[in-house]
Amino acid sequence: MPELPEVEFAARALRRWLGGRRIASADAPESRIFRGSDRKEFSRVLQGESLDWIERRGKYLLIAFRGGAGLLNHLGMTGKWVRVPPGAPLPSHVRARLELDSGEVVAYRDTRLFGRIAVHRADELFSLPEIRGLGPDPLVDGVDAARLHERLARSQRPVKVALMDQALLAGLGNIQATEALFLAGIHPARPASSISEKEAKELASAILESLQHTLKIQGEGDSITYVEEPRAENPFRIYGRAGSPCPRCGTTIEKIELGGRTSAFCPRCQPR
DNA sequence: ACGGATGTTCGCGC
DNA sequence: CGCGCGAACATCCG
């Protein structure tokens with residue numbers, strides 16, 4: 001699920017859920033999400049801990065505890081933090097859980113196991129190669145149009161593939177890149193190097209607009225608390241809407257595959 | 001019923 | 001080095 005907006009919501013939810021609470025116990029079954037780390041260490045260092053701070057950089061969560069331990073967490077494709085009331089049954093595919101002094105359980109679910117949790121020292125989280133390798137975070141650093149243009153100019157890849165490069169800009173995935181290109185009126189298959197300075201400027205605004213739009217529509221309610229949510233309808237403008245009319249001009253939305261991912265675009269609003 | 005697609009990332013080979 | 005592809009995995013849809 002998670003691109004920048006979902007990860008931002010996970011950060012906010014975890015701040016609320018863990019803030020001012022003590023972790024009575026932590027545990028996790030053996031699973032791939034601890035690759036490069038140790039699930040037993042996870043349980044050991046979190047026992048009795050309380051939250052110090054949580055930050056998001058791109059699609060990564062950095063979680064620091066007062067005792068000095070830290071977690072680096074990536075939600076992969078299907079990772080999600082959920083809160084389970086005291087006594088309520090745990091959902092399926094829980095890969096790590098924190099039992100709070102209140103009896104609530106804060107759990108990390110991840111059906112496809114593409115996510116990751118790694119234990120580090122809190123004071124080294126920002127120095128990890130995963131974080132140092134990220135480009136600017138649109139919400140934290142803003143999107144500098146000139147810098148974006150310069151980076152795009154160096155790449156022969158389709159502009160949509162370049163936008164999903166986390167070293168170029170941190171946090172965009174298939175949905176946000178698709179939506180931003182639509183808003184900017186740029187065809188996703190255009191070579192990144194063909195984007196003009198003016199287009200880069202429009203793209204920079206479109207990226208922020210798309211992220212903020214998504215944050216706004218997904219921000220209502222406490223939907224991250226675990227409940228069986230009814231399948232919501234597609235809230236995006238053109239992502240996943242191939243075959244439907246363009247919301248702006250009515251032309252039928254098309255799709256193409258770029259970098260192994262499906263991209264929807266309006267052939268009229270986003271000409272080659 | 002089964003093949004194909006799914007919001008991500010990494011590593012390999014050219 | 002830049003780029004493309006397949007793999008890691010489970011579920012859902014047509």
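Student: What makes the pair Glu-104 and Arg-83 a salt bridge?

Tutor: In this predicted model, the closest N and O atoms of Glu-104 and Arg-83 are 2.7 Å apart. The cut-off is 4 Å between a side-chain nitrogen of Lys or Arg and a carboxyl oxygen of Asp or Glu, so the pair of Glu-104 and Arg-83 counts as a salt bridge.

Student: Why is this pair said to tie parts of the chain together?

Tutor: Look at where the two partners sit. Glu-104 is in the loop between β6 (94–100) and β7 (105–110), while Arg-83 belongs to strand β5 (residues 79–84), so the bridge joins parts that are 21 residues apart in sequence.

Student: Why is Glu-104 called buried?

Tutor: Its relative accessible area is 12%. Buried means under 20%, so Glu-104 earns the word. Arg-83 has 19% relative accessibility, and therefore counts as buried by that cut-off as well.

Student: How do you know that Arg-57 and Glu-55 form a salt bridge?

Tutor: Their side chains meet at 3.0 Å, N to O. That value is within 4 Å, so the name fits.

Student: Which of the words buried, partly exposed or exposed fits Arg-57, and which fits Glu-55?

Tutor: Arg-57 has 19% relative accessibility, which is under 20%, so Arg-57 is buried. Glu-55 has a relative accessible area of 29%. Partly exposed lies between the 20% and 50% cut-offs, so that is the word for Glu-55.

Student: What makes Asp-137 and Arg-56 a salt bridge, and where do they lie?

Tutor: The closest N and O atoms of Asp-137 and Arg-56 are 2.5 Å apart, which is within 4 Å, so they form a salt bridge. Asp-137 is in the loop between α3 (129–132) and α4 (138–141) and Arg-56 in strand β2 (residues 51–57), so this pair connects parts 81 residues apart in sequence. Both residues are buried. Asp-137 and Arg-56 also belong to a network of salt bridges with Glu-8 and Arg-12. The structure holds 17 salt bridges.

Student: Why is Gln-270 called buried?

Tutor: Gln-270, in the segment after β10 (261–265), has 0% relative accessibility. The limit is 20%, so Gln-270 is buried.

Student: How do you know that the Gln-270 side chain makes polar contacts with Leu-181 and Ile-186?

Tutor: The side chain reaches the backbone oxygen of Leu-181 at 3.3 Å and that of Ile-186 at 2.9 Å. Both values are within the 3.5 Å cut-off, so these are polar contacts. Gln-270 also touches other residues, including Phe-182, His-187 and Phe-265.

Note on methods. Residues are numbered from 1 along each chain as its sequence is written. Chains are lettered from A and ligands numbered from 1 in the order in which they are written. This is a predicted model: local features need pLDDT of at least 70, side-chain atom pairs count only at pLDDT 80 or more; totals for chains, interfaces and linings use all residues. Side-chain values use heavy atoms; hydrogens and water are left out. Buried means under 20% relative accessible area, exposed over 50%, partly exposed in between (1.4 Å probe, protein chains only). Helices (H or I, at least four residues) and strands (E, at least two) are DSSP runs, numbered from the N terminus. A polar contact is a pair of N or O atoms within 3.5 Å; within protein, one must be able to donate a hydrogen and the other to accept it, and residues adjacent in sequence count only if both atoms are side-chain atoms. Contact means heavy atoms within 4.5 Å. Lists of a residue's contacts leave out its neighbours within four places in sequence.
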